[in-house]
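Student: I've got the sequence and the model open, and I'd like to work through them with you. Where should we start?

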Amino acid sequence: MTIGKMLFASVAIACIAGPVSALADTAEKKIALSNNYAGNSWRQAMLTSWDKITKEAVEKGVVAAADPFTTAENQATEQAAQIQNLILQGYDAIVVNAASPTALNGAIKEACDAGITVVSFDGIVTEPCAWRIAVDFKAMGESQIEYLAKKMPNGGNLLEIRGLAGVSVDDEIHAGIQAGVEKNPQFKIVGSVNGDWAQDVAQRAVAGILPSLPEVAAVVTQGGDGYGAAQAFAAANRPTPTIVMGNREDELVWWKSQKDKDGYETMSVSIAPGVSTLAFWVAQQILDGKEVKKDLVVPFLRIDQDNLEANLANTQKGGVANVEYSLEDAQKVIEAAK
Amino acid sequence: MKLSSGTIRLIIPALSLAVLLAAVFYMQPRAMSYTGLNLLFNLAVPIALATVAQMLIMAVNDLDLSMGTFVSFCACVTATFLQASPAIGILIFLGAIAAYAAMGVIIHLRELPSIVVTLGMSFIWGGLAVLMLPSPGGEAPGWARWVMTSRPPFVPMAIVASVVIAVVTHFLIMRSSFGVLIRGVGGNFRSVERAGWSVIRIRAGAYALAGLFAVLSGIALVGLTTSADANIALRYTLLSIAGVILGGGEFVGGKVSPIGAVIGALTLTLAGSFLSFMRISPDWQIGAQGAILIVVLALRLFLNRLEKREKNR
């Protein structure tokens, strides 16, 4: 069958089916997830969330299918080929966590030209025809300083643990922290190390810089590094400063034990892996004919002193605190962008 | 009927491509169209060019481990200099090709293992690419985009390009006297030397030609992706080597087949699509890709044995 005939057939079906369901219906639509990497706890949680939410949606008949695809090597050319395969497989929408913000643009354009809705999240793409669900990482960095400013109005010395050098997320969180410190000059960053978002790396890096530092009032982090920092402070027999956590299970467990022991106070902030489900609902809404702005912002997930226990109970061992989004959440995010 | 060994060499890759293609068409009839074929194969075009480049290096018994980073470097040049000021871009490319020729000369003069030299060079190309494009970006030159998204009548661009690459390199390597010399150096460079040829010049020529094809690969890649990043083509190192071997080439002895190399590149690309259409979980995909490679290579080994037995009789 030629493409032309298929188009004709689908138009004919749409014309027949149209009057019956006056509200545009997505029950026949198929959505695919194109994911570039699955090798850490965050990505695993992201895929699990996707499975959970989309399975329900498929059972209820909201969409016909929602299949996840992951590339093996985390390479842009491989993911571009994967997206082109998804076009051939006849999906109506593709939700993308991209290996590169720009190198997939050619394949994304092909998808748009074939009439497919493309929604990118977390690793977003710059191709104008795609939708973007981005995290405001800068605000995430700034919120840490704002919290500290409230907690210790007199300020103090800060140690900054950064992520993986050369990755845009690291730059953005760092920029947010810098902006926060400029607004609150009572704080001073006395040291900065790269923790690579991993507890062991962070622990080594902090242990290395600690002897050269004056008293540290607080540690600002990027997630996945708070527990390692706490260990380094304990090993050096230094008083434990306020360490901002990043929603990892080991960090929350440590925080809970300290809180029970002597009322230790801090906060925890990171992006929830369940953002994949938000992207799913946004794609569903677009297929449903809703008007959606191309750039959406997803709120980050913040844990405070009073809701620590509740969040910890919901977090899997070795996992990341997570929220899964519902259709209503997606509609709220879409409304907020208007 | 007696088949020449060259033909036998080509049968296996062509057959495996045909079988894979039939399987893909069976699973996904939508692929059996102009647009479908183009989507299946357009990303194979830069891989085919990189494979031809690798084949030239392998024809003189060397191995290029910097192919992936060099193509990435070329992609970055294409998306930045070649787009903004074409003259400088072309100059950089000429310089890069000269560097490839120089690499050939050094490897020959100092009798260095090519693996070490090219591995070292891969860090240089990678570093230069990061310097040029510290964060992903750039823009494809209009003409590169136009060529890669053109829609010739009846046959999709990806197929036309593959055939053109195969035919041009076939004449270059299998029919021209320069091609015979390159393969001769791989087969027995002493006899080529004794016949009065300058082996150093031939090697430099082979490397320069490989550099040229790698440059074309980078341009084609950016034409497809519209922009570049410094890691865009890292997979090409192994893909290009696998493509040459899959297409009937050998690591030593100057035994290469340009048509086979292009078919090998297409087969590798198709194998990925095949596995994703089969819905194999990504955890198994690398293994499955490897299994396809092993099956094809085992078949070839078997045919090589048969060929030898025939000769001994």
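Tutor: With a convention: helices (H or I, at least four residues) and strands (E, at least two) are DSSP runs, numbered from the N terminus. Residues are numbered from 1 along each chain as its sequence is written, while chains are lettered from A and ligands numbered from 1 in the order in which they are written. Keep in mind that this is a predicted model: local features need pLDDT of at least 70, side-chain atom pairs count only at pLDDT 80 or more, and totals for chains, interfaces and linings use all residues.

Student: OK, loops then. Is A:Trp197 buried or exposed?

Tutor: A:Trp197 sits in the loop between β7 (187-194) and α7 (199-209) of chain A, and its phi is positive, about 60°, although it is not a glycine. A residue is buried if 20 or more other C-beta atoms, placed from the backbone, lie within 10 Å of its own, exposed if 12 or fewer, and partly exposed in between. A:Trp197 has 24 C-beta neighbours inside 10 Å, so it counts as buried.

Student: And how does B:Asn61 come out, with its C-beta atoms within 10 Å?

Tutor: B:Asn61 also isn't a glycine and has a positive phi of about 70°. You'll find B:Asn61 in the loop between α3 (44-59) and α4 (67-79) of chain B. Because 17 other C-beta atoms lie within 10 Å, B:Asn61 is partly exposed.

Student: Which elements do the buried residues of α4(A) pack against?

Tutor: Helix α4 (residues 105-113) of chain A is mostly covered, with seven of its nine residues buried. They are A:Asn105, A:Gly106, A:Ala107, A:Ile108, A:Lys109, A:Glu110 and A:Ala111. Packing here is a matter of contact, meaning that the C-beta atoms of two residues, placed from the backbone, lie within 7 Å. The buried residues of α4(A) pack against α2 and α11 of chain B, together with, in chain A, α3 (76-88), β3 (93-97) and β4 (117-121).

Student: So the chains meet. Which element gives the largest share of the side of chain B that touches chain A?

Tutor: The contact takes 29 residues from chain A and 29 residues from chain B. On the chain B side, the elements giving two or more residues are α2 (34-41), α11, α13 (258-277) and α14 (282-312). Five residues, the largest share, come from α13(B).

Student: How many residues of that side of chain B are charged?

Tutor: The sorting goes like this: Ala, Val, Leu, Ile, Met, Phe, Trp, Tyr, Cys and Pro count as nonpolar, Asp, Glu, Lys and Arg as charged, and the others, Gly among them, as polar. That side of chain B has twelve nonpolar and 14 polar residues, and the charged ones number three.

Student: Which helix gives the most to the largest nonpolar core?

Tutor: A nonpolar core is a set of buried Ala, Val, Leu, Ile, Met, Phe, Trp, Tyr and Cys residues joined through C-beta atoms within 7 Å. The largest one has 191 residues, and A:Val119 and B:Leu56 are among those with the most contacts inside it. With 15 residues, the helix that gives the most to this core is α11 (residues 199-225) of chain B.

Student: How far apart do the C-alpha centres of the two domains of chain A lie?

Tutor: Going by an automatic or database domain assignment, chain A is divided into domain 1 (24-129 + 272-301 + 321-337) and domain 2 (137-270). The big core we just met draws at least three residues from each of them. Their C-alpha centres lie apart by 32 Å.

Student: What separates the C-alpha atoms of A:Glu251 and A:Gln285?

Tutor: A:Glu251 belongs to helix α9 (residues 249-262) of chain A, and it counts as buried because it has 31 C-beta neighbours inside 10 Å. Not counting residues up to four places away in sequence, A:Glu251 touches A:Gly226, A:Tyr227, A:Met245, A:Gly246 and A:Ser268. A:Gln285 is 34 residues away along the chain, and the C-alpha separation is 36 Å.

Student: Last one, in chain B: how far apart in space are B:Ala140 and B:Val168, C-alpha to C-alpha?

Tutor: B:Ala140 lies in the loop between α7 and α8 (142-148) of chain B. It is buried, because 26 other C-beta atoms lie within 10 Å. B:Ala140 and B:Val168 are 28 residues apart in sequence, and their C-alpha to C-alpha distance is 25 Å.
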